[in-house]
Amino acid sequence: MIKTMSKKRELEWDRWVENAEKFPDKEAIIHWVAGEEPFRWTFSSILKAAESFAVGLKKNGVERGDVCAIIIRHNKYFYPIYLGISSIGAIPSVLAYPNPRLHPEKFTQGLEGMSNRSGLDWILTEKVIAEVIEPIILKEKSTIRGMFFPLEWGKNLKFEGKDLENIEQIRANIKDIDPVLLQHSSGTTGLQKPVLLSHKAVLDHVTNYGNAIKLNSEDRIISWLPLYHDMGLIAAFHLPLTFGIPVVQIDTFEWVMIPSLLLEAISKEKGTLTWLPNFAYNILAGKVHDDELEGISLDSMRMFINCSEPVRDKSHKMFYKRFKEYGVKPESLSACYAMAETTFAVTQTPTDKEAKVLYVQKQSIAKGVIELNGDDENSRTCVSSGKAIDGCEVRIVDEKGNDLPENYVGEITISSVSLFDGYRNYPEKTNAVLKDGWYYSGDYGFCLDGEYYIIGRKKDIIIVAGNNVYPEDVEDLVSHVEGVIPGRVVAFGEDDEDLGSEQISVIAETKILDETTQKKLKLEIIKAGMTEDINIKKVYLVPSRWLIKSSAGKPSRKANRERLVVKNETITWS
Amino acid sequence: MISEKFKKTILNELNLYDFDIQDDTTADQVPGWDSLNHINVILAVEKAFDVHFKGIEVLKCKNIGELQKLVNTKLDQK
């Protein structure tokens, strides 16, 4: 079992140093690249490299408290760069590398918005996108002071005694309540909400979460998760580094292209833990060829932890059916409820039992009081996300904020020792969700026998493969497409059973009647989404005045979605 | 050279009415061909041509023309 958090002032950096001293030759990060031999950082070698990068950062003017955005693709030096930033009291913030689909202008707009909101000081990136980023830095009011290319520093970095002394002096003055990282709650780039977390918050969290999953020295984490997402950054990066546990880091992009990479890494590296969004279970179970599974063994796995989008029992069943002969155990199928605002996890299912499944009468959910039923068409299957982990308290509340008893559906509110203090430079958003030390998640759920079940969302957020997409952003984009009646658009998530996730659908009003022109308009709408890296899967065109308005006078997402998706209403063009 | 069957397979999978696909077109330029739907496009191509790709072979394709060449090579090997 991992050690309990000590009461003394302790920084993440102290833990990394302690691990480098205790296990100098133990593998820390195994950097995985398809078709190549993995690169293996040990706990001592990664720290040494981090100190070299720290020297480089200091020489370039980075100071304690500066926010350093890292926009770098899967690269073995990413990790020591991150640690190097932290080692001098600066604040790393991992941002997504621009997808080629994203229009460069949209990327810069997003980065500029993020910079203004999060107060980015420095950009650490690759030379290849320097030209795109440079104009933002040159703007008069830009918070960004400069841009570096640390991957180019390579052998030029020399670590000298004097530099070490300077860095140690800085470190001695850092407090455990000082920030250690800045992560962003998911959403459209530029509109993401910045969450600043302290050393203490992260250390307390990984300790409490480590206890919940019975983390031990024999564990090995395997991950393809992006490190700009809290699940990747906290569960698959800070957690193992803090506790001296190896982690295999697979490139997200390569995993998408070759999903079997995860299974190969588990098999070769004897992985024990992995975190996956629900859609990954469907992809692994349904889209991997048998010949890619030759020689694969998954029996080392203690836990596959389903997190970051609604957990589906069907996905677990599919996954188990496909991989039981490769060693997957039913009790390894677990679930977790987490968010960036609480550092990461809020709840976790037990380590030795499969996530509990309930069949709940659909009508009872609508009434707000849960009644159990058999597994039939009148039931909705709900998968438990487990009990609150140590350091976290969960309440289910009604619309007025009053506590609701077990079995009642309400909003999930959380209090945690690792709760954020508020969104950085975003008081209006903070005030909307943080009240008297409780975070109002906007998720609906209920509690039964101490376990929490997440069943819906207060807002119409669309969760596509673990990423939150705000329908307002999609509607705004589509409204500007020529041929669409401005403001007469709704966007919503449509279930994709095959993928085990939601995909984005749009209903747009148009005056165009000609079928060929309508087909072209549909393509233009999808292309408009592409410019912001939003994939619109389905476009429904409807005539003018077709959309029903809500009581607020705006087209209703729920009512219009129901007409087309549930009731399959025929669209009549006159 | 992109064959009509190859192009149609991709467009059908992505529910696209029409889109110009050339040898140097990349997946990210095709509407709907994102990371989430990538695997479905590849499986659709495999099914249509009754061929089977290794993940690393697809990963090495820089554009759709190279994916077409991969299909052709697989068909020649049959």
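In which kind of crossing, left-handed or right-handed, does α1(A) pass α2(A)? Keep this question in mind as you start the tour, and remember throughout that the model in your viewer is a predicted one.

**First stop: two helices**

Select residues 12–22 of chain A, which make up helix α1, and then residues 43–59 of chain A, which make up helix α2. The axes of these two helices come within 8 Å and cross at roughly 135°. Because angles over 145 degrees would count as roughly antiparallel and those of 65 to 115 as roughly perpendicular, this crossing makes α1(A) oblique to α2(A). Turn the view until one helix lies in front of the other, and you have the reply to the opening question: α1(A) passes α2(A) in a left-handed crossing.

Now show the side chains at the contact, where A:W16, A:V17, A:N19 and A:A20 of α1(A) meet A:F43, A:S44 and A:L47 of α2(A). The residues of this contact comprise five nonpolar and two polar ones, with no charged residue.

**Second stop: a parallel sheet**

Next, colour the strands β4, β3, β5 and β6 of chain A, which in that order form an open sheet with parallel pairing. At the edges you will find β4 (91–94) and β6 (146–148) of chain A, and since each has a single partner strand, one side of each is left without a neighbour in the sheet. From one strand to the next, the twist averages 25°.

Zoom in on strand β3 of chain A, residues 67–71, which is joined to β4(A) by four bridges and runs parallel with that strand. Within this pair, A:V67 stands opposite A:I91 in β4(A).

Then add residues 130–138 of chain A, helix α5, which lies across β5 (122–125) and β6 of chain A and runs at about 160° to β6(A).

**Third stop: a mixed sheet**

Finally, move to β25, β26 and β27 of chain A, three strands that form an open sheet in this order, with mixed pairing. Here β25 (484–496) and β27 (536–543) of chain A stand at the edges with a single partner strand each, so that one side of each has no neighbour in the sheet. Neighbouring strands of this sheet are turned by 25° against each other on average, direction ignored.

Which strand is joined to β27(A) by seven bridges? Select residues 501–510 of chain A to see strand β26, which runs parallel to β27(A), and look for A:T510, whose bridge partner in β27(A) is A:P543. To finish, show helix α17 of chain A, residues 557–566, which packs on the sheet, touches β25, β26 and β27 of chain A, and has a direction that makes about 65° with that of β25(A).

Notes:
Residues numbered from 1 in each chain as written. Chains lettered and ligands numbered in written order. Predicted model: local features only at pLDDT ≥ 70, side-chain atom pairs only at ≥ 80, totals over all residues. Pairing = 2+ DSSP bridges. Axes fitted to C-alpha atoms, helices over the stretch in contact; angles between N-to-C directions. Contact = placed C-beta atoms within 7 Å. Parallel < 35°, antiparallel > 145°, perpendicular 65-115°, else oblique. Left-handed = near helix turned anticlockwise from the far one by under 90°. Nonpolar A, V, L, I, M, F, W, Y, C, P; charged D, E, K, R; others polar.
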